[in-house]
Amino acid sequence: MKIDRLIGILSVLLQEEKTTAPELAERFEVSRRTINRDIEDLCRAGIPIQTAQGTGGGIRIMNGYRMDRTILTSRDMQMILAGLRSLDSVSGSSYYSQLMEKIQAGSSGFISGRDSILIDLSSWYRDSLAPKIETIQNAIENRHLLTFTYYGPTGEGERTAEPYYVVFKWSSWYVWAFCLKRQDFRLFKLNRMDKVQETDMEFTCRNAPMPDLSTEKIFPGEIKVKAIFSPDVKWRLVEEFGPGCFTETEDGKLLVSADYTDKDTLTTWILTFGDKAEVLEPAELRERICQIAEALRETYRRS
């Protein structure tokens, strides 16, 4: 829609010092003539846009222009503040709180109503998480290599990486970085990282792809599992996978059929239900759980 494109063009002009009609045309997938008409419409709407031809020319907003706050509604401002508060919950500095004060001070007569969304991204590891995020953000901004100890299923090791994005996904924090050891892009989980340090070694930015965070990509369903659960753990199945994840059997038990990615993680998850769960398929998973149960029995017998 044209209005969406106009808002998009205005957003680009507010964020970038200068752009060109061909660049805007490519970004919004329209013709250069359409972009020129859009610029004229923005000028008629009162946005002071300057255009210049030739070398060094381009499209820009006049210096000193401040966006009229009426472009944002009171609800828009509340959503912006909610987002800033969520970032402040994991910030190791006062940047976001100071930014919120600036916005609220300049919009005190504009923001109405009560806050309706409260987001805390800090997790149980706030004391260690915030410094990690701040260190990684600084390294990204300065284009400095990161060094850290990483703990994985196969053991721990020292890593050096080029950081590109801090990511919040699946209720956890990650850094998307190019690992020099693996010579490939990796998603490192912050809670598994220790001794995170920004070095003074600069790196040249690669053409870093955006991380593919789709569930199918990160968690491919390679293991087909069927399990029966006791009715008194229904609340947990609903919490973790939604009310449509099971069917009730004639005796009132809950049958779950799902695809899982990692055998070890699946085994651990099933064991957290104790005797409230029984795996039906695959057979090798049933055998593995039996072996673990026998080993636990022997351990507690010796104790």
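In this predicted model, helix α9 (residues 263-271) and helix α10 (residues 283-302) cross at roughly 60°, and their axes come within 11 Å. That angle makes α9 oblique to α10. The crossing in which α9 passes α10 is right-handed. On the α9 side the meeting residues are Leu266, Thr267, Ile270 and Leu271, and on the α10 side they are Leu285, Arg288, Ile289 and Ile292. Sorted by class, this contact of α9 with α10 has six nonpolar residues, one polar residue and one charged residue.

A second helix pair is formed by α2 (residues 21-28) and α3 (residues 32-44), which pack at an angle of about 105° with their axes 8 Å apart. This arrangement makes α2 roughly perpendicular to α3. Helix α2 contributes Ala21, Pro22, Leu24 and Ala25 to the contact, while α3 contributes Arg32, Ile35, Asn36 and Ile39. By class, the contact of α2 with α3 has six nonpolar residues, one polar residue and one charged residue.

The two helix pairs are set out below.

| Helix pair | Crossing angle | Axes |
|---|---|---|
| α9 and α10 | roughly 60° | within 11 Å |
| α2 and α3 | about 105° | 8 Å apart |

The model also contains an open sheet of four strands, in the order β9-β10-β8-β11, with antiparallel pairing. Strands β9 (246-248) and β11 stand at its edges and each has a single partner strand, so one side of each lacks a neighbour in the sheet. On average, and with direction ignored, neighbouring strands of this sheet are turned by 25° against each other. Helix α8 (residues 234-241) packs on the sheet, where α8 touches β8, β9 and β10, and the direction of α8 makes about 150° with that of β9. Helix α10, already described as the partner of α9, also packs on the sheet; α10 touches β8 and β11, and its direction makes about 145° with that of β11.

Within this sheet, strand β8 (residues 223-229) is largely enclosed by the rest of the structure, because five of its seven residues are buried. Strand β8 pairs in the antiparallel sense with β10 (residues 254-260) over seven bridges. In this pairing, lysine 226 stands opposite serine 257 of β10. Strand β8 also pairs in the antiparallel sense with β11 (residues 277-281), over four bridges. Here alanine 227 stands opposite valine 279 of β11. In general, strands of a sheet pair through backbone hydrogen bonds, in either a parallel or an antiparallel manner.

Notes. Residues numbered from 1 in each chain as written. Predicted model: local features only at pLDDT ≥ 70, side-chain atom pairs only at ≥ 80, totals over all residues. Heavy atoms only, no water. Axes fitted to C-alpha atoms, helices over the stretch in contact; angles between N-to-C directions. Helix = DSSP H or I, 4+ residues; strand = E, 2+ residues; numbered from the N terminus. Parallel < 35°, antiparallel > 145°, perpendicular 65-115°, else oblique. Left-handed = near helix turned anticlockwise from the far one by under 90°. Contact = heavy atoms within 4.5 Å. Nonpolar A, V, L, I, M, F, W, Y, C, P; charged D, E, K, R; others polar. Buried < 20%, exposed > 50% of the residue type's maximum accessible area, 1.4 Å probe, protein only. Pairing = 2+ DSSP bridges.
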